[in-house]
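Me: Please take a close look at one part of this model, beginning with a single residue of your choice and its surroundings. I should then like to see how that part sits within the rest of the chain.

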Amino acid sequence: MSTVNNSSSNPPPKGDDRTMITDLREVISARSTGESKAYLTVIAGPQSGEMIPVEKETLVMGRDDECDLKILDSGISRTHARVSRVDDNTFTIEDLNSTNGVFIDGVRIKIYQLREGDRIQVGASTIIKFSMHDEVEVSFQEQLYQSAVKDGLTGVYNRQYFDERLKEEFSFSFRHLRPLALIMIDIDFFKKVNDTYGHPAGDLVLKVLSNTLLRIIRNEDILCRYGGEEFAIIVRGTDKMNVDILAERIRVAIEELVVPVDQGELKITISVGLAGMMNREFDTAQDMINAADKALYEAKEGGRNKVVSA
């Protein structure tokens with residue numbers, strides 16, 4: 001295992017002078033006058049787009065739940081690497097005896113002083129960029145990330161994010177024999193809501209339902225808008241009995257909702273299908289989706305407003 005030492009005597013080459021702004025980020029940079037802080041930005045892998053500030057003296061990344069930056073990726077050790085603050089402008093990264101190593105621009109390192117723009121590779125596909133940003137730049141980057149992964153109406157994660165995240169969660173669960181469950185939710189007779197009360201009322205129902213679901217699930221669970229009136233929840237590290245309890249709790253909470261509309265008060269119900277994996281019961285993430293979707297279909301065919309487990 002080799003160690004890469006970088007020297008401040010070899011500064012990066014200066015770019016050529018430009019007289020025309022060609023990128024919105026240049027405008028943001030020109031307007032940024034606040035104090036810069038260190039950030040780790042995931043630029044490739046299952047959590048692509050996330051920005052994590054290096055606010056403490058040390059930041060540990062790995063697959064353990066206690067890590068400051070938890071990464072679900074093939075080949076990640078429980079505690080994989082540590083970023084440390086030497087002073088306000090100096091940061092190092094250290095490999096914590098990980099199985100598959102830490103790489104800076106393709107070179108495996110043991111301990112390394114980070115420079116602006118360095119790309120850190122951990123796991124099979126995760127690449128993290130180290131950079132300094134002020135509040136304006138961070139806000140801009142966060143807006144880009146949110147617009148890419150969130151549903152515009154409800155604010156929960158969108159279908160594209162769901163597809164990518166479930167694959168990674170499934171791979172992690174399959175590899176490490178960790179419980180994983182998928183809950184599929186469909187609003188009963190939603191077309192009738194739109195036809196009777198209008199599309200603004202339908203949009204309100206989707207927002208109220210999303211907010212209710214977010215209040216019920218844990219922070220580590222992942223809520224996505226799967227389709228028009230269909231939602232999906234990825235539930236990590238929970239056994240089948242507790243997933244069943246969660247699904248029924250969700251069903252009851254939605255049944256008790258009252259949504260105020262112009263014509264009065266609107267009541268809705270949902271059908272729920274769920275599939276759980278405790279010991280590699282499914283071969284692929286798509287198999288898990290198919291099982292949950294089939295259970296959802298059975299719930300709808302069985303009278304709606306019920307939970308069916310695959």
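Reply: T126 has a relative accessibility of 2% in this predicted model, and it counts as buried because the cut-off is under 20%. The residue belongs to strand β11, which covers residues 126–133. Once neighbours within four places in sequence are set aside, T126 is in contact with V42, A44, G45 and P46, with I71 and D73, and with I120 and Q121.

Contacts between residues distant in sequence also figure in the chain as a whole. Of the contacts with a separation of 6 or more, 57% join residues 24 or more positions apart. The protein chain has 310 residues, 45% of which count as buried, and its secondary structure comprises seven helices and 18 strands.

A second buried position is F91, in strand β6 (residues 90–95). F91 has a relative accessible area of 1%, and is therefore buried. Its C-alpha atom is separated by 5.6 Å from that of L114, although the two residues are 23 apart along the chain. L114 is also one of the residues that F91 touches; leaving out those up to four places away in sequence, the others are A38, V54, S84, R85, Y112, Q113, F130 and M132.

Strand β6 takes part in an open sheet of five strands, ordered β4-β3-β5-β6-β9 with mixed pairing. The edges are held by β4 (69–70) and β9 (111–113); each has a single partner strand, so one side of each lacks a neighbour in the sheet. Within this sheet, β3 (residues 58–62) and β5 (residues 81–87) pair in the antiparallel sense over four bridges, and V60 stands opposite R82 of β5.

The largest nonpolar core numbers 32 residues, and I183, I185 and I250 have the most contacts inside it. The elements giving it two or more residues are β12 (180–187), α4 (190–197), α5 (199–216), β14 (230–236), α6 (240–255), β15 (259–261) and β17 (270–277). Helix α5 supplies the largest share, seven residues. Apart from this core lies another, of 23 residues, which includes A38, M61, Y112 and F130. Three of these names recur above: A38, Y112 and F130 are touched by F91.

I183, from the larger set, touches F231, A232, I233, V235, V243, L246, A247, V272, G273 and L274, not counting residues up to four places away in sequence.

A further open sheet has five strands in the order β13-β14-β12-β17-β18, again with mixed pairing. Its edge strands, β13 (222–225) and β18 (307–309), each pair on one side only. From one strand to the next, the twist averages 20 degrees. β13 and β14 are paired in the antiparallel sense over four bridges, where I222 has I234 of β14 as its bridge partner.

Helices lie across these strands. α3 (residues 159–176) crosses β12, β13, β14 and β17, at about 25 degrees to β14. α6 lies across β12, β14, β17 and β18, and runs at about 165 degrees to β17.

Finally, the axes of α4 and α5 come within 6 Å and cross at roughly 140 degrees, which means that α4 is oblique to α5. On the α4 side the contact is made by F190, V193, N194 and Y197, and on the α5 side by H199, A201, G202, V205 and L206. By class, this contact has six nonpolar, three polar and no charged residues.

Key: Residues numbered from 1 in each chain as written. Predicted model: local features only at pLDDT ≥ 70, side-chain atom pairs only at ≥ 80, totals over all residues. Heavy atoms only, no water. Buried < 20%, exposed > 50% of the residue type's maximum accessible area, 1.4 Å probe, protein only. Contact = heavy atoms within 4.5 Å. Core = buried A, V, L, I, M, F, W, Y, C linked by side-chain atoms within 4.5 Å. Axes fitted to C-alpha atoms, helices over the stretch in contact; angles between N-to-C directions. Parallel < 35°, antiparallel > 145°, perpendicular 65-115°, else oblique. Nonpolar A, V, L, I, M, F, W, Y, C, P; charged D, E, K, R; others polar. Pairing = 2+ DSSP bridges.
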